[in-house]
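Below are some comments on the model you sent, set out as numbered points for you to check against the coordinates.

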Amino acid sequence: MRILILLGLCGLWLGSTGGSAFPGIQSNSGLEFMPRFTRVLKQDLTSVATYLLPTQQPQLCAGNCCQADSYASPYGLLYQNHSQQVFGGRTYTTFFYQFHAHHACDSTLDRQQCCTATADNVWIDVDPTLKVKYVSMNGQRLANSEQNEYGLKLGALNLNVAQAVSGIPITITVEGAADALCPPPGLAPIPGLCELVVQGTSASNPNACCPSTITENSDTAFPAPDHAFQCSASLDNSPFQLVFDGVSAPLVVAGQQYVSYNFRLAATDSCTADSVTDCCNAQLAYIDLKVTDLPITAVQLDGKSVTFTTSTWNEPNSASYRSLVVDNLNLVADDLGNAGLPLTVTVRLPTGSSGNVDLCDASSDPTQGACNYYLHSEDGFCCPSGLALPASSVPPPPAGTCAPATNVPASEASMSLQYYERMSSSATTTFAFLLANHNPSSGCDKPYCADVCSWTLYLDPSVASQVAVGHENPANNGRQIIQGGATASLTFTYGPAGESTTNFYVTLPAGGKGLSDLCARNALPGQGSKACAAVVRSSSVYIMVFFDESDVIIVAGSSPPPALPTCADPRPLSDSCLTVQPARYNTLQSSSVFEFAVSPASSSAACVPPSPPGNSATVHLLLAPAIVDQLTTRGNILPATGLTLDRTDGVRWTVSSTSAANMTFQVQGPLSIAEVCRQGVTSDQPSKTCVVEVIGDNGCFRGYVGAVADGLLVWVSPSSSGSKGVSVGVVVPAVVVPSVVLLLAIVL
């Protein structure tokens, strides 16, 4: 019913001109046939009533005319559906039609034998603000398609009525999130409603037929195919990339300030052809950059002025932005040379501008000159995208770790990094980071699906020597590299694989610290005002991640602490024949040393041995997670063997059930026992004590030990022990010799 109403409205509108319902157009020899749709004519009743007129002769047809009456033609176009897909961060909309020849053809109106004519070319009045990316017919790309100011031409179809009677599927894919393919011809906008012209040949005249009509809408639901259009969006499969080289100093001309943004169209380090398209040999048609509304006055490629256009771009569920298109490039990889081709974009700065403006849209990257860009091949199958950054802007990873060369937007990779939680005490501040990988064996839904091989957090150089590192799985203890200097960094040499997540912990030895104390400013291009910058790597690509305090996932105190791993049904520690003595500690200006001693009870004592003679026992000290992180990072703990360190568990120490032993460690900061050990583990734990468990074949014993100060206890670091003749890591008493004794020794 809706189609009949629309056709009726069109007929009334055409009839008001006083001519025939569908007058023809002149098609003289040597005059190129071009459609003239309603949108290019005056929109009033005094305008020419036909859809079509010759380009060079806009007056009404008076003589040798092609037949434009749609009632004297079997051909039509049926709209079925449209769908949207995303490739390389860019949305594409595909409209599905069916070209057919099952209209009833009125032979009484057919003066040119068009009821049996061929369909050689079809013009569709595609909205000129849309850019057609891909056209297919019967499942195959239609190479003879061309978009110009007159619409979209589907050329060299050369179909007859028998071939089209059952319907031939046609798809038209445009860039962007489009709700309609064509501008409404003075009627209500409908997604698939388009004016069209079918040019054909009859037996008597090669230019006889040009029926003009509008599309119909399907009465039945047509499910859009999942993959109607595919283009390769990965830079891995592209020989082209865009590099940002810098911004020129402002130039004043006639009182106006101009600056030039210097990009370079360069070759990628490598190109791998995928199984669908061979984009390594693609011909580059145009470049599309996501830009702001700064007035663009000129664009040059390799020193020569090139044409450009700007237009508003719309994406679903996001604000519209401006697009700069440099078209008609027609380049292949060999055209780039070794250095690439410079691309210069000159803009005029607003009057009174302080220079705090940028050509590139800040939603892509807040760094000046960092534009999201899209590269499009001539055939429509290649659409790689990336972020234009300086060629050598990211510091190289530590030697021996994975070092991918290709940067991709974080939204396009299966890897993600989040600032998860901040935990602070009076003595330490711990930052938790959650690294996720969404790359299941069944395949991921991102352009870049890979497993994490390492990631780097860039540190404030002043704290690089102080940070402690914690690992969710104690099997990964020590798998990090801390580098100092101007580009201080912390690199974890592993990451999650497949569909999994991993937590990482970084601790500063002071309470109340924030990300601004931990991280380096301006560590990476694009960091902007964010406090921290990180790089997450796979074997082939890397992403850059920026975050600050507002990005934290878990707010302090919003979740209860996890249950601690303690033994069930313990006996009192006083019942054990192996006891833990009160700790000794010495608090220095910038560090603290603690010593815990175990000793067996006398043979006459009434007690229970934790294990039979000859078997070992385990001493479990519930140290604070930040303290465990310090010990695993720096290894300042003795004995060097028989210890298991786990930030969620503390330290477990294997000892003889019948012999005395000592465990000693050094930590940063002037700490007390209350800051070294977990507090509030059980309801009956006294304050300023450490929970201790002795576990053996005969059961578990739990108790609480305090600490006593001992100013003679010091830690001798391995780095200084060689020159002082002390074995590595030996704890020795600090014997204070009175000055009188020293003088006497000198005299003697």
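Which handedness does the link of C360 and C371 have, left or right?

1. The disulfide of C360 and C371 is left-handed, with -95° about the S-S bond. The model is a predicted one, and in it the sulfur atoms of C360 and C371 are placed 1.8 Å apart. C360 and C371 both belong to the loop between β22 (341-348) and β23, 11 residues apart, and the pair is counted as linking distant parts of the chain. Both cysteines, C360 and C371, are buried.

2. A second disulfide joins C279 to C382, with the sulfur atoms 2.0 Å apart. The torsion about the S-S bond of C279 and C382 is about -95°, so this disulfide is left-handed. Because C279 sits in the loop between β16 (256-267) and β17 (284-291), while C382 sits in the loop between β23 (372-377) and β24 (385-387), the pair ties together parts that are 103 residues apart in sequence. C279 and C382 are both buried.

3. The pair C114 and C209 is likewise a disulfide, its sulfur atoms being 1.9 Å apart, and with -100° about the S-S bond the link is left-handed. The cysteines come from distant parts of the chain, 95 residues apart: C114 from the loop between β4 (90-100) and β5 (121-124), and C209 from the loop between β11 (195-199) and β12 (212-214). C114 and C209 are buried. The count of disulfides in the model comes to 12.

4. Turning to the chain as a whole, the protein has seven helices and 48 strands. Of its 748 residues, 48% are buried, and the protein exposes about 33,300 Å², of which carbon and sulfur atoms supply 53%. Among contacts between residues at least 6 apart in sequence, 71% join residues at least 24 apart.

5. One sheet deserves a separate comment. This open sheet of six strands follows the order β35-β45-β44-β39-β42-β41, and its pairing is mixed. Its edges are formed by β35 (571-572) and β41 (643-646), each of which has a single partner strand, so one side of each is left without a neighbour in the sheet. At one of these edges, β41 runs antiparallel to β42 (residues 650-656), and four bridges join the two strands. Within that pairing, L643 stands opposite W653 in β42.

6. The largest nonpolar core has 67 residues, and those with the most contacts inside it are F263, F433, W455, L457, L518 and F547. Leaving aside residues up to four places away in sequence, the residues that L457 touches are F433, S489, L490, V506, L518, C519, C532, A533, A534 and F547. Another core lies apart from this one; it has 33 residues, among them A583, W653, V655 and V676. As a general background to such cores, nonpolar side chains in soluble globular proteins tend to be buried together.

7. The aromatic pairs number 14 in the model. One of them is formed by F433 and F547, which are tilted, at 5.7 Å centre to centre and with 50° between the planes. Because F433 lies in strand β27 (residues 429-438) and F547 in strand β34 (residues 541-547), this pair ties together parts that are 114 residues apart in sequence. F433 counts as buried because its relative accessibility is 0%, and F547 counts as buried at 2%. Another pair, Y585 and F594, is stacked, with 5.5 Å centre to centre and 15° between the planes; F594 counts as buried at 0% relative accessibility. Ring pairs also link Y419, F433, W455, F492, Y494, F504 and F547 into a cluster.

8. Finally, helix α4 (residues 625-634) is largely enclosed by the rest of the structure, because eight of its 10 residues are buried. The buried residues of α4 are A626, I627, V628, D629, Q630, L631, T632 and T633. The helix α4 is followed by G635, whose phi is positive, near 70°.

Methods:
Residues numbered from 1 in each chain as written. Predicted model: local features only at pLDDT ≥ 70, side-chain atom pairs only at ≥ 80, totals over all residues. Heavy atoms only, no water. Pairing = 2+ DSSP bridges. Buried < 20%, exposed > 50% of the residue type's maximum accessible area, 1.4 Å probe, protein only. Contact = heavy atoms within 4.5 Å. Areas by Shrake-Rupley, 256 points an atom, 1.4 Å probe, with all protein chains shown as cover. Disulfide = S-S within 2.5 Å. Core = buried A, V, L, I, M, F, W, Y, C linked by side-chain atoms within 4.5 Å. Phe/Tyr/Trp six-rings, centres within 6.5 Å; stacked < 30°, edge-to-face > 60°.
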